[in-house]
Amino acid sequence: MGSSRTRNLQVFDTELSADTVEWCPLPQYSHILACGTYQLQKDDEKNPSRIGRLYLFQFDQQHSLTPPLTEIQRIDTPAILDLKWCHTEMYERPLLGMATACGEIQLHRLCDTPDSRCALERVLSTELGPNRLALSLDWSTGRGDRTDPRVVTSDSTGSLTVLSLAEENLSAVSQWKAHDFEAWISAFSYWDTQLIYSGGDDCKLKGWDLRMGPSSPTFTCKRHSMGVCSIHSNPHREHILATGSYDENVLLWDGRNMRQPLSETAVGGGVWRLKWHPVHEHLLLAACMHNDFHILHCQQAADGNEGPCPILASYILHNSLAYGADWSRLPLSGPPPSTPPTETPATITLAEPRGHLRIQYESPTASFDTSLEDECGRYIPDHTATVSAPVPVPSVGDDSASLSCLLASCSFYDHMLHVWRWDWSPETEAQSGKTGPTPSS
């Protein structure tokens, strides 16, 4: 079975509600972390304002006597709904995209500073239109392709916009109405960047082919029973797509057949973000709003075997809505933690209410609140789900070697950013209690 451990490394108070975190994917800057915040100001009930702050950190694991994460910059901004680094250098620098509550997409360039640190500077921006919030963005560069870089973004009017980054200009190539209500998420297929996926509060997952124009989707899927709020194309395996929803399920798809998912995994909380591991193709990180953060192993499902994806690890130290999460490419030095390990079961059971108090599924746009609690204040999922039979936990690494990963996650109402590590060790004969044959006397 192996041993799976999570350990907190540092906690940072973002002061405003934290909802998105992104490690820089470029090797030279993989120690750089960005975090975005969102705060609704209700001073004016008729016209509430939404403010935010962009944080920039650097992670240094060399000095054991000081905290590894250091804040190096903060920028006051409109409320931030999503952050995404471009996967390749643009203009010979890392570039960070930001979706804001004023309906604007901003691009910030990471520059070196005289004190050998880094700082972001705003270089390009464009407005999506009046009276809308930009809710998500994704880059077309997920597999490292630098040709024709584009951004797709979704907004609170249900529209999608494709932006082109050419000749040092950010301009809209196309914009269309995609969903009846908020379009929570938009994402490129990293294998064919003319294909776009979107999910909305109308409970629909849709596909779009830019070569055919946006007049009609290539498919409309109603497999999720509540709003679709997370989509991520696997950059390592063609056609594999992960989606998540307020219905508390992670679905894995083969993009060539969107009638039936490859697998369905109940994770016990609205799935706000999904992130494939940057190196290990079968590892999927899920930010599950009311039920913490989970690492799923998706190999069996991607290979066509039925059944839910086993959960290898869970990080449960946040005390509020689990919104933002991301993997770092930075290799961890040093041995795994020496504290007693907490084994993570390969299955989770959600047959009984978990006892959360006064919980609501709350739209970041403050346009709806769906109460999910009983008369005693206990949290009631949209439907109870049980992962029944134990699922063997597969090895993580290609050669079954130990694996250590650095991650960041953030939670909303308690405005906290956590940096943590996950250590995986395959089971050895000593761990399993097995011994070799005893020589005969």
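Is W272 buried or exposed in this structure? With a relative accessible area of 2%, W272 is buried, a term that here means under 20% relative accessible area, whereas exposed means over 50% and partly exposed lies in between (1.4 Å probe, protein chains only). The structure is a predicted model, in which local features need pLDDT of at least 70 and side-chain atom pairs count only at pLDDT 80 or more, while totals for chains, interfaces and linings use all residues. Residues are numbered from 1 along each chain as its sequence is written, and side-chain values use heavy atoms, with hydrogens and water left out.

The secondary structure of the chain consists of one helix and 33 strands, where helices (H or I, at least four residues) and strands (E, at least two) are DSSP runs, numbered from the N terminus. The chain has 441 residues, of which 58% count as buried. About 18,800 Å² of the chain is exposed, and carbon and sulfur atoms supply 47% of this area; accessible areas come from the Shrake-Rupley method with a 1.4 Å probe, and for residues only the protein chains shown count as cover. When contacts (heavy atoms within 4.5 Å) are taken between residues at least 6 apart in sequence, 57% of them join residues at least 24 apart.

Aromatic rings were examined next. A search of the whole structure finds 15 aromatic pairs, a pair being two rings of Phe, Tyr or Trp (its six-membered ring) with centres within 6.5 Å, and with planes under 30 degrees apart counted as stacked, over 60 as edge-to-face and the rest as tilted. The pair of Y55 and F57 is stacked because the ring centres are 5.8 Å apart and the planes stand at 20 degrees. Y55 is buried, at a relative accessible area of 0%, and F57 likewise counts as buried at 0% relative accessibility. The pair of W184 and W272, by its angle of 65 degrees between the planes, is edge-to-face, with 5.7 Å from centre to centre. W184 lies in the loop between β14 (169–177) and β15 (185–188), and W272 in the loop between β22 (263–266) and β23 (273–276), so this pair ties together parts that are 88 residues apart in sequence. W184 counts as buried, with 0% relative accessibility. Both tryptophans also belong to a cluster in which ring pairs link Y38, W184, Y246, W272, Y323, F412 and Y413. Elsewhere, the charged end of R143 sits over the ring of W191, 3.5 Å from its centre, the rule being that NZ of Lys or CZ of Arg is within 6 Å of the ring centre and within 35 degrees of the ring normal.

Side chains of opposite charge can pair when their charged atoms come close. With a salt bridge defined as a side-chain nitrogen of Lys or Arg within 4 Å of a carboxyl oxygen of Asp or Glu, the count comes to 21 salt bridges. In one of them, E15 pairs with R74, and the closest N and O atoms are 3.8 Å apart. E15 lies in the loop between β1 (3–13) and β2 (18–23) and R74 in strand β6 (residues 69–78), so the pair ties together parts that are 59 residues apart in sequence. E15 counts as partly exposed at 44% relative accessibility, and R74 counts as partly exposed at 39%. A further salt bridge joins R53 and D76 (3.1 Å, N to O), of which R53 counts as buried at 12% relative accessibility, while D76 is exposed, with a relative accessible area of 61%. These four residues, together with E71, are linked in a network of salt bridges.

The side chains of K275 and E22 also meet in a salt bridge, at 2.5 Å from N to O. This pair links distant parts of the chain, with K275 in strand β23 and E22 in strand β2, 253 residues apart, and both residues are buried. K275 is also among the residues touched by H232, which include Y190 and W276 when residues up to four places away in sequence are not counted. H232 lies in strand β19 (residues 228–233) and counts as buried at 12% relative accessibility. Its side chain makes a polar contact with the side chain of Y190 (3.3 Å), a polar contact being a pair of N or O atoms within 3.5 Å, where within protein one must be able to donate a hydrogen and the other to accept it, and residues adjacent in sequence count only if both atoms are side-chain atoms.
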